[in-house]
Amino acid sequence: MSAELTRSVVDSLDGTPDPRLRALLAALTRHLHAFVRETEPTMAEWEQAVGFLTATGQTCTDTRQEFILLSDVLGVSMLVETVNSAEGGTESTVLGPFHMTESPVRALGADIDLVGGGEPCVVSGRVLSADGTPLPGALLDVWQADGNGFYDVQQPGIQPAGNGRGLFTADDEGRFWFRTCVPSPYPIPTDGPVGKLLRATGRHPYRPAHIHFIATAEGHEPVTTHIFVAGGDYLDSDAVFAVKQSLVQDFTQTDDPVLAREFGVPTPFRHARFDLVLNSVRP
Ligand SMILES: [Fe+2]
């Protein structure tokens with residue numbers, strides 16, 4: 001009977017005009033039915049599962065995305081990134097739940113730390129094509145938590161909107177640079193259903209310190225990624241499984257007065273230098 005039921009549901013999708021949608025729904029049906037056959041949930045467990053997903057949706061607002069968080073802690077976001085990543089360019093990683101507002105347009109060299117108080121830091125590098133050609137005019141969307149581990153959208157009224165965010169345009173040689181504070185590790189929000197899930201499974205909620213990037217350039221595939229602060233905590237136990245070794249960067253302490261003058265920061269400061277490499281759009 002149960003195999004027949006699965007077949008009936010899959011057959012009912014035969015009239016779906018969009019073939020991709022048909023394939024996705026048929027596979028979803030087969031996998032969900034297999035899950036139920038394997039685990040044989042009680043009615044109470046099934047109701048609890050529906051309640052959990054309902055609460056996850058109800059927790060979402062304009063500035064909070066609990067479903068992305070759920071996808072993140074189950075490793076689904078990272079898996080989707082992985083099956084879509086192409087060889088050659090900078091490795092991608094999860095978008096995360098905090099890319100919720102548009103980043104303010106800022107000039108190269110601007111400080112995205114509007115509050116101050118954190119450890120001063122300069123991030124610089126180039127945006128390049130996979131063959132090493134610089135990509136002038138590439139767009140770089142940057143967002144990060146403050147020195148205490150919170151994003152602006154988590155602390156309205158405490159942090160100004162746009163704190164830790166910037167939309168930069170690479171210069172004529174594909175270079176970018178901006179000032180900020182060294183990010184801190186932070187716990188993902190634990191006051192909702194996802195936090196409940198982590199507690200029920202004895203998992204910690206921390207992410208290693210990182211800065212998010214989306215780099216886009218004409219004729220190239222965009223890349224969504226982070227850089228992680230080398231030597232920091234939780235690099236080997238990221239709550240959302242997003243660390244890739246190639247993305248771990250040194251934030252070197254420097255007191256070079258020439259560099260400090262160039263970037264307009266006092267010495268000493270921390271400096272992360274890395275290039276973002278984009279693959280050409282596949283023909
Ligand atoms: Fe983040």
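**Helix packing around H4 and a buried arginine**

In this predicted model, helix H4 (residues 66-73) and helix H6 (residues 193-200) have axes that come within 9 Å and cross at roughly 25 degrees. Because angles under 35 degrees count as roughly parallel, H4 and H6 are therefore roughly parallel to each other. On the H4 side, the contact is made by Glu66, Leu69, Leu70 and Val73, and these meet Pro193, Val194, Leu197 and Leu198 of H6. Seven of the residues in this contact are nonpolar and one is charged, with no polar residue taking part.

Helix H4 also packs against helix H3 (residues 43-59), and here the axes come within 7 Å and cross at roughly 125 degrees. H3 and H4 are therefore oblique to each other. From H3, the residues Phe52, Leu53, Thr56, Gly57 and Thr59 make the contact, while H4 contributes Glu66, Phe67 and Leu70. The makeup of this contact is four nonpolar, three polar and one charged residue.

Away from these helix pairs, attention turns to an arginine in a loop. Arg106 lies between helix H5 (76-84) and strand S1 (120-129). This residue is buried, yet Arg106 has no salt bridge. The nearest side chain of opposite charge belongs to Asp152 and is 7.4 Å away, whereas a salt bridge needs a side-chain nitrogen within 4 Å of a carboxyl oxygen. What does Arg106 touch, not counting residues up to four places away in sequence? Its contacts are Ile112, Leu114, Gly162, Arg165, Gly166, Leu167 and Phe168.

How values were computed: Residues numbered from 1 in each chain as written. Predicted model: local features only at pLDDT ≥ 70, side-chain atom pairs only at ≥ 80, totals over all residues. Heavy atoms only, no water. Helix = DSSP H or I, 4+ residues; strand = E, 2+ residues; numbered from the N terminus. Buried < 20%, exposed > 50% of the residue type's maximum accessible area, 1.4 Å probe, protein only. Lys, Arg positive; Asp, Glu negative; His and termini not counted. Contact = heavy atoms within 4.5 Å. Axes fitted to C-alpha atoms, helices over the stretch in contact; angles between N-to-C directions. Parallel < 35°, antiparallel > 145°, perpendicular 65-115°, else oblique. Nonpolar A, V, L, I, M, F, W, Y, C, P; charged D, E, K, R; others polar.
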